[in-house]
Amino acid sequence: MVTATAQAASDQTQVELQRRMLRQMLLIRRFEEKAAEAYALGKIGGFCHLYIGQEAVAVGSLAALRVDDYVIGSYREHGQALARGVSANAVMAELFGKATGCSKGKGGSMHLFDVERRFMGGHGIVGGHVPLAAGIGFAIKYRAGDQVCLCYFGEAAVNIGVFHETLNMASVYKLPVVFCCENNRYGMGTAFERVAAVTDVVEHACSYDMAAELVNGMDVLAVHAATERAVARARHGRHPTLLEVRTYRYMGHSMSDPLHGVYRTKDEVEEQKQRDPISHLALKLKEDGVLDDAGLDAVDAEVRAAVEAAVKFAEASPDPDPSELATHVLAD
Amino acid sequence: MPTLTYRDALNQALREEMQRDAGVFLMGEEVGVYQGAYKVSRGLLEEFGPMRVVDTPIAELGFAGIGVGAAMAGLRPVIEFMTWNFAVLALDQIVNSAAKVLYESGGQIPVPIVFRGPNGAALQLAAQHSQSWEAWLSHIPGLKVVAPATPADAKGLLKSAIRDNNPVIVLEGEMLYNTKGDVPEGEHLVPIGKADTKRAGRDVTLICHSKTVAVALKAAEQLAEQEGVSADVLDLRSLRPLDEAAILASVATTNRAVVVEEGWPHCGIGAQVVDVIQREAFDQLDAPVLRVTQADVPMPYNKQLERLAKPSPEKVVAAARRVLYLD
């Protein structure tokens, strides 16, 4: 029976997608744990903002994109780069400041770029990249393309003026952009409700006549489904969408911050960890009978090995040549 | 050769480049339906349509960022600011995005974008609308900065700016838009980074750009008539990169220099020019280099006070007399 076969194939595709998502989330988790270690050892410098706890956002949303779509993010973008397919080697080498890094060692943790994967950067000024996403969307529309641009930013960026300027123009010009607000509840150490008159970010979409959706960011499948809807609106109707994805970061704002600090309690962090996106998906796959403990261990071992190899690669890679100091200031 | 206003020369450059390259578009406040706050974009909406001549809300930071994003995706945006005073709101995008993306991406993503609009004082527009931003903008690696003084240079530099693969700042002037001059038809490109001798002389070099070129030329006339002094008027045209060779070549002949600019004195363009001269031509100098700038105050509204604040031919003549030890 054709329909039964099609259904089985579709189920199989779903299972494969979910297994892929589990692997990606685990890869990000293990990568970030290793980055924290390397930072503590002084092998990574500067600012380093980890993604632990937020894995489902990047993984779920990026699974809804095509390879020719565009992605842009803030400075908490290691996970997005990895989920977009930038190799762990190239990302780790960039964090180490090495010539083999995805930005040749000149960008670092906050400025990961991979133009081949249309990963248009990590950007370091809160909210500063949000209009860049609209500009990329403008270019897509200008060329009558059917790509979309997916833009990640934290909830703290919503208090920045250019966020509002951009949402207005994206709506006026009907740009194919998905604005994905990763609401992890704290801008550095400031709880969003202490500095935002409107704490449901989705409500801002009303001001700009924009579609919006509130998403559970600890559920990778929910993130994926919501992003698919937003991408379809952008791709087929050139309507932007504001997604508010409620997530949580387990670590401090950056590596120089304590894990929970004085702005949130240890209990709160522990409570949030009960919603862990990786455990959540692993449990589902087990309940569905498509993964067992041994299978999970095997995936974990495989990504740990990949991360270990990435560290070795980064350590063995050369620093940029001194002549690189003055290259890429201007294009030819 | 046709005579055009500076405004129409810019218009011609935009039209020709938009005809030549489908990736070139113009975006800014009032550029479309209104035909441009200063009519630089007159007729372009009709010819190229609303996708390529894009009216924006009053949101300089936002539309500057949209321009940078479009450039990152391969288009060639021309972003018009109604004046550079308003562009200060967009500095984050100019400095932190346009000037940085190529470098921080390890050379992967060029940002071919033009930011243009009038700079410096017009008449009685008071403190917030009468400022010269070239020193701020020229400070930033990753940007190019040009400031044409004549219609021909306006056309040639804007065309070069649009074809450049980097962010280029084009500083125009409200008081320049109506000035007239001969403008070559068609393919007229002025290279970025090349100064131009607007009047040849041998006794003193007057180094200037944008509106101060007219000031320096008038001063040179007065010096010739009143003192028999032959002034070399060097129009920098580009402020970044700076044509150091042209500055040094002129000073090697005259041994004396005055730098004239509309900006404030502290950390101004003239300070940079003087640094080049003292470093590379110290032994050729017969007098300390002097500077004529805007007074170190916010621009006053009152007409007499405003005149006092601005560089003038008289101030340039006085400075030239001092470096020539005529006083």
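Start by selecting Gly228(B): its phi is positive, near 65 degrees, and it comes right after helix H9(B). Keep in mind as you go that this is a predicted model.

**Helix H9(B)**

Now step back along the chain and select residues 212-227, the 16 residues of helix H9 of chain B. At 1.5 Å a residue this helix should span 22 Å, and its end C-alpha atoms lie 21 Å apart, so the two values agree. Colour the buried positions next: Thr212(B), Val213(B), Val215(B), Ala216(B), Leu217(B), Ala219(B), Ala220(B) and Leu223(B). What do the buried residues of H9(B) pack against? Show strands E9 (196-199), E10 (204-208), E11 (231-235) and E13 (257-260), together with helix H13 (313-323), all in chain B, and you have the partners.

**Leu206(B) and the core**

Select Leu206(B) and look for contacts beyond four places in sequence. On H9(B) you will find Ala216(B), Ala219(B) and Ala220(B). Other contacts of Leu206(B) include Ala231(B), Asp232(B), Val233(B), Val258(B), Val260(B), Val316(B) and Ala320(B). Leu206(B) is also among the residues with the most contacts inside the largest nonpolar core, alongside Cys151(A), Val258(B) and Ala320(B). That core has 201 residues.

**Chain B as a whole**

Zoom out to chain B, which holds 13 helices and 14 strands. Its radius of gyration is 20 Å, close to the 20 Å that the globule rule gives for 327 residues, so chain B is as compact as a globular protein of that length. Along its principal axes the C-alpha trace spans about 60 × 45 × 40 Å. Of the 327 residues, 59% count as buried. Among contacts in chain B with a separation of 6 or more, 78% join residues 24 or more positions apart.

**Where the chains meet**

Bring chain A into view: 36 residues of chain B are in contact with 33 residues of chain A. On the chain B side, helices H3 (60-72), H5 (91-98) and H6 (101-104) each supply at least two residues. Which of them should you select to see the most? H3(B) gives the most, with ten residues. Colour the chain B side by type and it divides into 18 nonpolar, 16 polar and two charged residues.

**Last stop: Tyr75(A)**

Finish in chain A with Tyr75(A), in the loop between strand E1 (70-73) and helix H3 (78-83). Is Tyr75(A) buried or exposed? Tyr75(A) is buried, because 23 other C-beta atoms lie within 10 Å. Leaving out residues up to four places away in sequence, Tyr75(A) touches Phe47(A), His49(A), Met110(A), Gly122(A), His123(A) and Gly124(A).

Notes. Residues numbered from 1 in each chain as written. Chains lettered and ligands numbered in written order. Predicted model: local features only at pLDDT ≥ 70, side-chain atom pairs only at ≥ 80, totals over all residues. Helix = DSSP H or I, 4+ residues; strand = E, 2+ residues; numbered from the N terminus. Expected span 1.5 Å × (residues − 1). Buried ≥ 20, exposed ≤ 12 C-beta atoms within 10 Å, placed from the backbone. Contact = placed C-beta atoms within 7 Å. Nonpolar A, V, L, I, M, F, W, Y, C, P; charged D, E, K, R; others polar. Core = buried A, V, L, I, M, F, W, Y, C linked by C-beta atoms within 7 Å. Rg over C-alpha atoms; globule rule 2.2 N^0.38 Å.
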